[in-house]
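Grab a pencil and work through these exercises with the model open beside you. Try each task before reading its solution.

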Amino acid sequence: MKFETITVEEALVTLDGLDALSLSTVQEQIIRGTWEGLTYSEMAQKVGYDADYLKYVGSKLWQTLSKTLNQPVSKSNLRAIMQQLKRQEVQSSETVPKQAAAPTLINCDWGEATVLGTFHGRQRDLSQLTQWCVEDGCRLVVLQGQGGIGKTTLAQRLAYQLANVSDVSSSQGFERVVWRSLRSAPTPFELLQDLVMTLDVSSRTDVASPLLQTNADWLPLLLEQLQRQRCLVVLDNGESLLQPQSLKGEYLPGSEGYQDVFEQLSTLTHQSCVILTNRELPAHFAGLQARNPLVRVYPVEPIETEACRSLLMDTGIVCQTSESDLLHDRYGGNPLSLKLVATTIRDLFDNQVQLFLKARTPLLQGIRQILDQQFNRLLPLEQQVMYWLTIHREPVVFAELQTSFLHPPDMPLLIEALESLWRRSLIEKATATTVYSAPRFTQQPVIMEYVTRRLIDCAVSELMAVNTSEATASALL
């Protein structure tokens, strides 16, 4: 079957025909400009509007279209989305009788989820996670990785993709999609109540019931809904539930009930799937995963070099392959770090990647804030391990690292600390030279520079404190 390329006029007619969508003149101009491949600045010169104003209106337009079409729409994929809609219309007209009922739409509640922008790479990740959630029927899937690595973006893309399964009536499709952020660390009671009320409208009259005042009252109601409907529930920012400086991944006071929630979601029978994004695993998850094959942890790895080049191009940075590969290596393939770097290259270095690279590895404020959040959650022993790995610069084995300490820790404690840092993606293993080589640990360049800065800041602070103390003593004499 052959499909003709859709024109901008046909796209506008299709969009004007959508319920709850009425395009303004400015929005129509943005769509026409996008169709021609123009930047917002080029559109501004052509239609006479301010570029920043067009960029603002465009941002709102993509959000509206994403909600209306129930899939991520952006400036870079508009034509592809409209072409897909046209193909679906043609296929429907050729294969479905005119009197056939309209397809069932999946009920989605995106909560605090942001509109998904351009997605780069990770097709293998999506394929594996789709198999786990749909084909294997996993009940709990954890996306784990360091800050900025793209856990939330991957979860969003997966949820949007699974929300658009063509046959929602089959056992392969989800009937409901619910997205909730745990950033504010809601109590188990608050989350359970919210999810039940979202999935079962009739339960909203029971909120004030004296019979429903504990987690044990609401959890069976949630499990009932997850059994009755095939739901995909995404819980973002799971690390907000955990105590900082806890080697074992313990819950915050008041959040301990989440252990029972996740245990029952994992072990009791239902037909739904819960996805949790997390920088660090709660202590009991290792046991959960070992006992139950329907509980799985997916390490979210750095994006590949090809995806890095695509990301840089999407931000307007055009560079040679060697330059983009070097940026990828310096910033550990971390999408958020690379976006921050691209903004700096564009705004301060006039898109000249070589000038930026000659400045070595600038530790941008946004990147430092991300690493601050993770570093401040570490135990003193974990922080000392990070310091010594930075001081060594080169990969080191267990024994060499242990003897670096002024007061060497016991090896079991050191191994626990290294395992914790490994789970948080703050350290990495160097390639073994032989099969029998002992593991050697090191850090990504950007993390090594961050820890170096912390060491320098600590040394300066201590020096200033000594000088202040000496000055005070001299004044008293």
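**Exercise 1: cysteines**

Task: work out why Cys308 makes no bond to Cys319.

Solution. Start with the distance: the closest cysteine sulfur to that of Cys308 sits in Cys319, 7.4 Å away, which is too far for a bond. For a disulfide, two cysteine sulfur atoms have to be within 2.5 Å. Next, check the surroundings: Cys308 is buried, at 0% relative accessible area. Buried here means under 20% relative accessible area, exposed is over 50%, and partly exposed lies in between (1.4 Å probe, protein chains only). Now try Cys273: its closest cysteine sulfur, in Cys133, is 3.7 Å off, again too far for a bond. Cys273 is buried too, with a relative accessible area of 1%. Final tally: the structure has zero disulfides.

A word on the ground rules. This is a predicted model, where local features need pLDDT of at least 70 and side-chain atom pairs pLDDT 80 or more, while totals for chains, interfaces and linings use all residues. Numbering runs from 1 along each chain as its sequence is written, and side-chain values use heavy atoms, with hydrogens and water left out.

**Exercise 2: helix α14**

Task: check the span of α14 (residues 335-348) and find what its buried residues pack against.

Solution. Helices are DSSP runs of H or I, at least four residues, numbered from the N terminus. Step one: the expected span is 1.5 Å times one less than the number of residues. For the 14 residues of α14 that gives 20 Å, and the end C-alpha atoms are 20 Å apart, so the two agree. Step two: look at the N-terminal end, where Asn334 acts as a cap, with a side-chain oxygen 3.1 Å from the backbone nitrogen of Leu336. Step three: list the buried residues, among them Leu338, Val341 and Ile345. The buried residues of α14 pack against α12, α13, α15 and α16, counting contacts as heavy atoms within 4.5 Å. Just past the helix, Asp350 has a positive phi of about 50°.

**Exercise 3: aromatic rings**

Task: classify the pair formed by Trp132 and Tyr298.

Solution. Rings of Phe, Tyr and Trp (its six-membered ring) pair if their centres lie within 6.5 Å; planes under 30 degrees apart are stacked, over 60 edge-to-face, the rest tilted. The structure holds 10 such pairs. Trp132 and Tyr298 are 5.5 Å centre to centre with 80° between the planes, so they count as edge-to-face. The partners are 166 residues apart, Trp132 in helix α6 and Tyr298 in strand β6 (a strand is a DSSP run of E, at least two residues). Both Trp132 and Tyr298 are buried.

Technical notes. A polar contact is a pair of N or O atoms within 3.5 Å; within protein, one must be able to donate a hydrogen and the other to accept it, and residues adjacent in sequence count only if both atoms are side-chain atoms.
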